[in-house]
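Welcome to this structure! Here are a few notes to read alongside it, in case you would like some places to begin looking.

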Amino acid sequence: MNQFIEDLDSNQTFFKYNFLSKVTPTIFIHGVGLDSSMWYPQKKYFQNKSIIFYDLLNHGKSKGNIKKLNFELFSNQLINLIHHLNLKKINLVGFSLGSLIAQHFTKTYNNKVQKLVLIGSVYNRTNKQIAIVKNRYKEASNGKSITKNSIHRWFNQDYLKKNKKVYDFFYTLLEKKNNKDFLIAYKLFVESDKYLINFDKFKTPTLIMTGEKEVGSPPIMSEEIHKKIQNSKLYIIKNAKHGATIEKEYIVNNQISKFLY
């Protein structure tokens, strides 16, 4: 695999980059409670492209101990990284919370985003769906580990049985996180429906993907986003759940590649 350079920007954002081609660089944004290492299949697949992975605030090796997070702060983090790397245009790939951050960023900085990919994004959740994530947040706030539940919700059981290394990777990643920092970010994810975007003037070419068997961000949500974003494409990943970027990596990577390049 080609060598990636690791660094910190002026906002103490940890990032890795690999500028090997003249095509527009692509930035990948991970989900809540994870870090940029979740993109390891994409790092390998797109290693000959210009790609950037970074850790969100309160995650991984980036600045932590931030007591309140909002989408503006996350957008500021990303634009600071873009300026640090002196990038004129980027492609954005967001997963879960990262997908929401990508949407809010694109709304504010649409002149910077050439193409947008949204994977496993929640949208306009029902009261019942909100109650479920609120209950999960409450359990985590009370000190209960939600790691095993998360992994089994994200992957098909037969896949986990055959891929113990994937289970171990995500178990270790989720268990090592700083729970105080995680809960601040998770609260924003739980309450994200309060900050729904008006997509009427949203014209960035967008690929929207989610798993066919996704529970938290089911196909109907992606279908609704697709209806709202004028210049968008929809792809439902067959027999996939939230961990599609790993379990169905070939399909996901192929769709991203066809759309971006």
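1. A good place to start is a pair of helices: helix 4 and helix 8 lie roughly antiparallel to each other, because an angle over 145 degrees counts as such and their axes cross at roughly 170°. Please keep in mind as you look that this is a predicted model.

2. The axes of helix 4 (residues 127-141) and helix 8 (residues 179-190) come within 10 Å, and the crossing is left-handed. On the helix 4 side, the contact is made by Val133, Lys134, Arg136, Tyr137, Ala140 and Ser141. Helix 8 contributes Phe182, Leu183, Tyr186, Lys187 and Val190.

3. Next, have a look at strand 6, which spans residues 113-119. How many of its seven residues are buried? Five are, which leaves strand 6 mostly covered.

4. Strand 6 has parallel partners to explore. Strand 5 (residues 90-95) is joined to strand 6 by six bridges, with glycine 94 standing opposite leucine 118. Between these two strands the chain passes through helix 3 (residues 97-108), making a right-handed β-α-β crossover.

5. Strand 7 (residues 206-211) also runs parallel to strand 6, and four bridges join them. Here isoleucine 119 has methionine 209 as its bridge partner.

6. Finally, visit asparagine 254 in helix 11 (residues 249-260). Asparagine 254 has a relative accessibility of 24%, so it counts as partly exposed. Although 209 residues separate asparagine 254 from tyrosine 45 in sequence, their C-alpha atoms are 9.2 Å apart in space.

Key
Residues are numbered from 1 along each chain as its sequence is written. This is a predicted model: local features need pLDDT of at least 70, side-chain atom pairs count only at pLDDT 80 or more; totals for chains, interfaces and linings use all residues. Side-chain values use heavy atoms; hydrogens and water are left out. Buried means under 20% relative accessible area, exposed over 50%, partly exposed in between (1.4 Å probe, protein chains only). Two strands pair if DSSP finds at least two bridges between them. A crossover is right-handed if, with the strands pointing away from the viewer, the path from the first strand over the helix to the second runs clockwise. Axes are lines fitted to C-alpha atoms, for helices over the stretch in contact, and angles run from 0 to 180 degrees between N-to-C directions. Angles under 35 degrees count as roughly parallel, over 145 as roughly antiparallel, 65 to 115 as roughly perpendicular and the rest as oblique. A crossing is left-handed if the near helix is turned anticlockwise from the far one by less than a right angle, and right-handed if clockwise. Contact means heavy atoms within 4.5 Å.
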